[in-house]
Amino acid sequence: MELTIGRESGVDNPRLAVEQNGKTFYWGKPGSVPRSVSRKHCLVKIDDDSKVLIEDITPNNFMYINGMDCKKKGGITLSDTIELGPDRYRLDLEGIVKALSSQQTYSIATLKGVYDSYQKEKYDIQVYQGKLNALSTLPGILSMTSIGIAVFIENARLVMIIVAAVFALVFALIRYRNASKIPSRTKKLDEEFRDKYICPNPACGHFLGVTPYKELLKNRTCPYCKSKFTE
Ligand SMILES: [Zn+2]
(Lines give C-alpha, C1' and ligand atoms only; values in the text may rest on other atoms or scores of the structure.)
Protein backbone atom coordinates (compact mmCIF):
# COMPACT_ATOMS: atom_id res chain seq x y z
CA MET A 1 0.00 0.00 0.00
CA GLU A 2 1.38 3.37 -1.01
CA LEU A 3 -0.05 6.64 0.26
CA THR A 4 0.72 10.29 -0.35
CA ILE A 5 -0.37 12.29 2.65
CA GLY A 6 -0.84 16.03 3.08
CA ARG A 7 -3.21 18.89 3.75
CA GLU A 8 -6.44 19.29 1.77
CA SER A 9 -6.07 22.19 -0.65
CA GLY A 10 -8.46 24.94 -1.70
CA VAL A 11 -10.51 25.07 1.50
CA ASP A 12 -10.57 27.25 4.61
CA ASN A 13 -10.78 24.36 7.06
CA PRO A 14 -8.55 21.61 5.69
CA ARG A 15 -8.73 17.95 6.54
CA LEU A 16 -6.00 15.44 5.86
CA ALA A 17 -5.79 14.41 2.19
CA VAL A 18 -4.72 10.82 1.60
CA GLU A 19 -3.99 9.79 -1.95
CA GLN A 20 -3.90 6.17 -3.01
CA ASN A 21 -3.73 4.96 -6.63
CA GLY A 22 -4.65 8.42 -7.90
CA LYS A 23 -7.73 8.58 -5.69
CA THR A 24 -7.92 11.01 -2.78
CA PHE A 25 -9.97 10.67 0.35
CA TYR A 26 -10.18 13.04 3.27
CA TRP A 27 -9.57 12.17 6.86
CA GLY A 28 -10.70 13.88 10.06
CA LYS A 29 -12.87 16.88 10.81
CA PRO A 30 -12.66 20.08 8.71
CA GLY A 31 -9.99 22.32 10.21
CA SER A 32 -8.23 19.47 11.99
CA VAL A 33 -5.03 19.84 9.96
CA PRO A 34 -2.80 22.89 10.60
CA ARG A 35 -1.40 24.99 7.75
CA SER A 36 2.07 23.85 8.69
CA VAL A 37 1.31 20.50 7.10
CA SER A 38 2.17 20.65 3.38
CA ARG A 39 -0.24 19.67 0.65
CA LYS A 40 2.01 16.79 -0.20
CA HIS A 41 3.85 16.19 3.01
CA CYS A 42 4.97 12.60 3.12
CA LEU A 43 5.00 9.34 1.26
CA VAL A 44 4.09 6.19 3.15
CA LYS A 45 4.76 2.65 1.98
CA ILE A 46 3.33 -0.23 3.94
CA ASP A 47 4.37 -3.79 3.13
CA ASP A 48 2.41 -6.98 3.74
CA ASP A 49 3.90 -7.39 7.22
CA SER A 50 2.53 -3.93 8.14
CA LYS A 51 6.05 -2.52 8.27
CA VAL A 52 6.06 1.12 7.36
CA LEU A 53 8.50 3.23 5.37
CA ILE A 54 7.78 6.92 5.64
CA GLU A 55 9.51 9.69 3.73
CA ASP A 56 9.23 13.45 3.98
CA ILE A 57 8.55 14.69 0.42
CA THR A 58 9.71 18.31 0.33
CA PRO A 59 12.92 19.70 1.87
CA ASN A 60 11.30 22.29 4.14
CA ASN A 61 8.88 19.92 5.82
CA PHE A 62 9.13 18.71 9.35
CA MET A 63 8.41 15.19 10.43
CA TYR A 64 8.81 13.52 13.79
CA ILE A 65 8.83 9.78 14.44
CA ASN A 66 8.39 8.90 18.11
CA GLY A 67 9.41 12.45 18.94
CA MET A 68 12.60 12.39 16.84
CA ASP A 69 13.05 14.79 13.93
CA CYS A 70 13.72 12.83 10.74
CA LYS A 71 13.36 12.86 6.95
CA LYS A 72 13.00 9.19 6.19
CA LYS A 73 12.43 6.16 8.31
CA GLY A 74 11.79 2.51 7.60
CA GLY A 75 10.83 -0.47 9.68
CA ILE A 76 8.42 1.36 11.93
CA THR A 77 4.95 0.06 12.79
CA LEU A 78 1.50 1.57 12.30
CA SER A 79 1.24 2.40 15.98
CA ASP A 80 4.48 4.42 16.13
CA THR A 81 3.93 8.11 16.78
CA ILE A 82 4.17 10.11 13.56
CA GLU A 83 3.84 13.89 13.67
CA LEU A 84 3.83 16.26 10.70
CA GLY A 85 4.90 19.91 10.54
CA PRO A 86 6.17 22.23 13.28
CA ASP A 87 2.71 22.19 14.89
CA ARG A 88 3.13 18.44 15.22
CA TYR A 89 -0.04 17.18 13.63
CA ARG A 90 -0.47 13.60 14.87
CA LEU A 91 -0.97 11.24 11.94
CA ASP A 92 -3.38 8.39 12.70
CA LEU A 93 -1.80 5.97 10.27
CA GLU A 94 -3.36 2.96 11.97
CA GLY A 95 -6.88 4.40 11.60
CA ILE A 96 -6.26 5.37 7.98
CA VAL A 97 -4.96 1.93 7.03
CA LYS A 98 -7.87 0.22 8.78
CA ALA A 99 -10.33 2.45 6.96
CA LEU A 100 -8.65 1.75 3.63
CA SER A 101 -8.63 -1.99 4.07
CA SER A 102 -12.34 -1.86 5.00
CA GLN A 103 -12.00 -4.52 7.67
CA GLN A 104 -13.47 -2.07 10.09
CA THR A 105 -16.94 -2.14 11.60
CA TYR A 106 -18.67 1.22 11.89
CA SER A 107 -21.64 2.26 13.95
CA ILE A 108 -24.36 3.80 11.82
CA ALA A 109 -26.58 4.74 14.78
CA THR A 110 -26.34 8.47 13.98
CA LEU A 111 -27.74 7.84 10.50
CA LYS A 112 -31.09 6.86 12.01
CA GLY A 113 -31.80 10.41 13.12
CA VAL A 114 -30.60 11.75 9.76
CA TYR A 115 -32.95 9.47 7.85
CA ASP A 116 -35.94 10.00 10.15
CA SER A 117 -35.71 13.78 10.16
CA TYR A 118 -35.28 13.81 6.36
CA GLN A 119 -38.46 11.76 5.95
CA LYS A 120 -40.33 13.93 8.44
CA GLU A 121 -39.28 17.18 6.75
CA LYS A 122 -40.22 15.75 3.36
CA TYR A 123 -43.63 14.79 4.70
CA ASP A 124 -44.12 18.23 6.27
CA ILE A 125 -43.35 19.91 2.95
CA GLN A 126 -45.89 17.67 1.21
CA VAL A 127 -48.55 18.48 3.80
CA TYR A 128 -47.80 22.19 3.46
CA GLN A 129 -48.04 21.94 -0.32
CA GLY A 130 -51.36 20.08 0.00
CA LYS A 131 -52.79 22.69 2.34
CA LEU A 132 -51.71 25.42 -0.02
CA ASN A 133 -53.40 23.69 -2.93
CA ALA A 134 -56.59 23.38 -0.91
CA LEU A 135 -56.41 27.06 -0.03
CA SER A 136 -55.89 28.03 -3.64
CA THR A 137 -59.55 27.35 -4.41
CA LEU A 138 -60.56 29.85 -1.73
CA PRO A 139 -59.87 33.16 -3.54
CA GLY A 140 -62.02 32.02 -6.45
CA ILE A 141 -64.90 31.17 -4.14
CA LEU A 142 -64.59 34.39 -2.17
CA SER A 143 -64.30 36.50 -5.32
CA MET A 144 -67.36 34.86 -6.86
CA THR A 145 -69.33 35.29 -3.62
CA SER A 146 -68.40 38.95 -3.47
CA ILE A 147 -69.40 39.49 -7.07
CA GLY A 148 -72.65 37.61 -6.38
CA ILE A 149 -73.42 39.94 -3.49
CA ALA A 150 -72.50 42.91 -5.67
CA VAL A 151 -75.03 41.85 -8.29
CA PHE A 152 -77.91 41.67 -5.81
CA ILE A 153 -77.11 44.56 -3.51
CA GLU A 154 -76.59 47.66 -5.58
CA ASN A 155 -75.25 49.81 -2.70
CA ALA A 156 -72.51 47.35 -1.90
CA ARG A 157 -71.44 46.85 -5.50
CA LEU A 158 -68.23 48.89 -5.48
CA VAL A 159 -67.13 47.66 -2.06
CA MET A 160 -67.70 44.02 -3.01
CA ILE A 161 -65.84 44.29 -6.28
CA ILE A 162 -62.89 45.80 -4.42
CA VAL A 163 -63.10 43.03 -1.81
CA ALA A 164 -63.11 40.42 -4.58
CA ALA A 165 -60.09 41.98 -6.21
CA VAL A 166 -58.20 42.17 -2.91
CA PHE A 167 -58.88 38.49 -2.14
CA ALA A 168 -57.69 37.43 -5.55
CA LEU A 169 -54.57 39.58 -5.25
CA VAL A 170 -53.62 38.40 -1.75
CA PHE A 171 -53.88 34.74 -2.66
CA ALA A 172 -52.02 35.26 -5.90
CA LEU A 173 -49.20 36.86 -3.87
CA ILE A 174 -49.09 33.98 -1.37
CA ARG A 175 -48.89 31.46 -4.19
CA TYR A 176 -46.25 33.52 -5.96
CA ARG A 177 -44.05 33.62 -2.84
CA ASN A 178 -44.39 29.89 -2.24
CA ALA A 179 -43.69 29.04 -5.85
CA SER A 180 -39.97 29.51 -5.22
CA LYS A 181 -39.96 28.82 -1.49
CA ILE A 182 -41.05 25.20 -1.65
CA PRO A 183 -38.60 24.05 -4.35
CA SER A 184 -35.68 25.78 -2.61
CA ARG A 185 -36.64 24.23 0.72
CA THR A 186 -36.81 20.82 -0.93
CA LYS A 187 -33.47 21.38 -2.66
CA LYS A 188 -31.77 22.43 0.58
CA LEU A 189 -33.23 19.44 2.41
CA ASP A 190 -31.99 17.05 -0.29
CA GLU A 191 -28.52 18.61 -0.23
CA GLU A 192 -28.25 18.32 3.55
CA PHE A 193 -29.38 14.71 3.38
CA ARG A 194 -26.79 14.00 0.69
CA ASP A 195 -24.04 15.44 2.91
CA LYS A 196 -25.05 13.58 6.05
CA TYR A 197 -26.43 10.22 4.98
CA ILE A 198 -23.03 8.81 4.13
CA CYS A 199 -20.92 5.77 4.87
CA PRO A 200 -19.17 6.41 8.22
CA ASN A 201 -15.89 4.98 6.89
CA PRO A 202 -13.84 8.16 6.33
CA ALA A 203 -12.05 6.49 3.41
CA CYS A 204 -15.41 5.96 1.70
CA GLY A 205 -17.94 8.58 2.79
CA HIS A 206 -20.21 7.56 -0.10
CA PHE A 207 -23.81 8.85 -0.11
CA LEU A 208 -25.95 5.87 0.82
CA GLY A 209 -28.90 6.91 -1.33
CA VAL A 210 -32.46 6.91 -0.09
CA THR A 211 -31.99 3.40 1.31
CA PRO A 212 -34.04 3.35 4.53
CA TYR A 213 -32.05 3.08 7.75
CA LYS A 214 -33.70 -0.28 8.49
CA GLU A 215 -32.41 -1.63 5.17
CA LEU A 216 -28.87 -0.49 5.98
CA LEU A 217 -29.03 -2.35 9.27
CA LYS A 218 -30.35 -5.44 7.55
CA ASN A 219 -27.66 -5.43 4.84
CA ARG A 220 -24.93 -4.66 7.39
CA THR A 221 -22.36 -3.68 4.76
CA CYS A 222 -21.58 -0.56 2.78
CA PRO A 223 -22.37 -1.30 -0.89
CA TYR A 224 -19.36 0.81 -1.92
CA CYS A 225 -16.46 -0.02 0.40
CA LYS A 226 -17.87 -3.21 1.98
CA SER A 227 -17.24 -1.97 5.52
CA LYS A 228 -19.37 -3.64 8.14
CA PHE A 229 -22.22 -1.67 9.68
CA THR A 230 -23.52 -2.06 13.18
CA GLU A 231 -26.13 -0.17 15.21
ZN1 LIG B 1 -18.50 2.81 2.49
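**Exercise 1.** What share of the contacts in the chain with a separation of 6 or more comes from residues 24 or more positions apart?

*Solution.* Keep in mind that this is a predicted model. Take the contacts with a separation of 6 or more, then pick out those between residues 24 or more positions apart: they account for 48%.

**Exercise 2.** Work out why the chain counts as more spread out than a compact globule.

*Solution.* Start with the inventory: the chain holds 5 helices and 12 strands. Next, put the two radii side by side: the radius of gyration is 30 Å, while the globule rule gives 17 Å for 231 residues. The chain's value is well over the rule's, so the chain is more spread out than a compact globule. For the dimensions, check the box: along the principal axes, the C-alpha atoms fill roughly 100 × 45 × 25 Å.

**Exercise 3.** Describe the chain's burial, surface and charges.

*Solution.* Burial goes first: 32% of the 231 residues are buried. Then the surface: about 14200 Å² is accessible, and carbon and sulfur atoms own 56% of that. Last, the charges: there are 33 positive and 25 negative ones, and their mean positions lie 7 Å apart.

**Exercise 4.** Place Asn-60 in the fold, and decide: is Asn-60 buried or exposed?

*Solution.* Locate the residue: Asn-60 sits in the loop that runs between β5 (52–56) and β6 (63–65). Now compare its relative accessibility, 69%, with the cut-off for exposed, over 50%. Asn-60 therefore counts as exposed. To finish, pair Asn-60 with His-41: they are 19 residues apart in sequence, and their C-alpha atoms are 9.7 Å apart in space.

Terms used. Residues are numbered from 1 along each chain as its sequence is written. This is a predicted model: local features need pLDDT of at least 70, side-chain atom pairs count only at pLDDT 80 or more; totals for chains, interfaces and linings use all residues. Side-chain values use heavy atoms; hydrogens and water are left out. Helices (H or I, at least four residues) and strands (E, at least two) are DSSP runs, numbered from the N terminus. The radius of gyration is taken over C-alpha atoms; the globule rule is 2.2 Å times the number of residues to the power 0.38. Buried means under 20% relative accessible area, exposed over 50%, partly exposed in between (1.4 Å probe, protein chains only). Contact means heavy atoms within 4.5 Å. Accessible areas come from the Shrake-Rupley method with a 1.4 Å probe; for residues, only the protein chains shown count as cover. Lys and Arg count as positive and Asp and Glu as negative; His and the chain ends are not counted. The place of a charge is taken as NZ of Lys, CZ of Arg, CG of Asp or CD of Glu.
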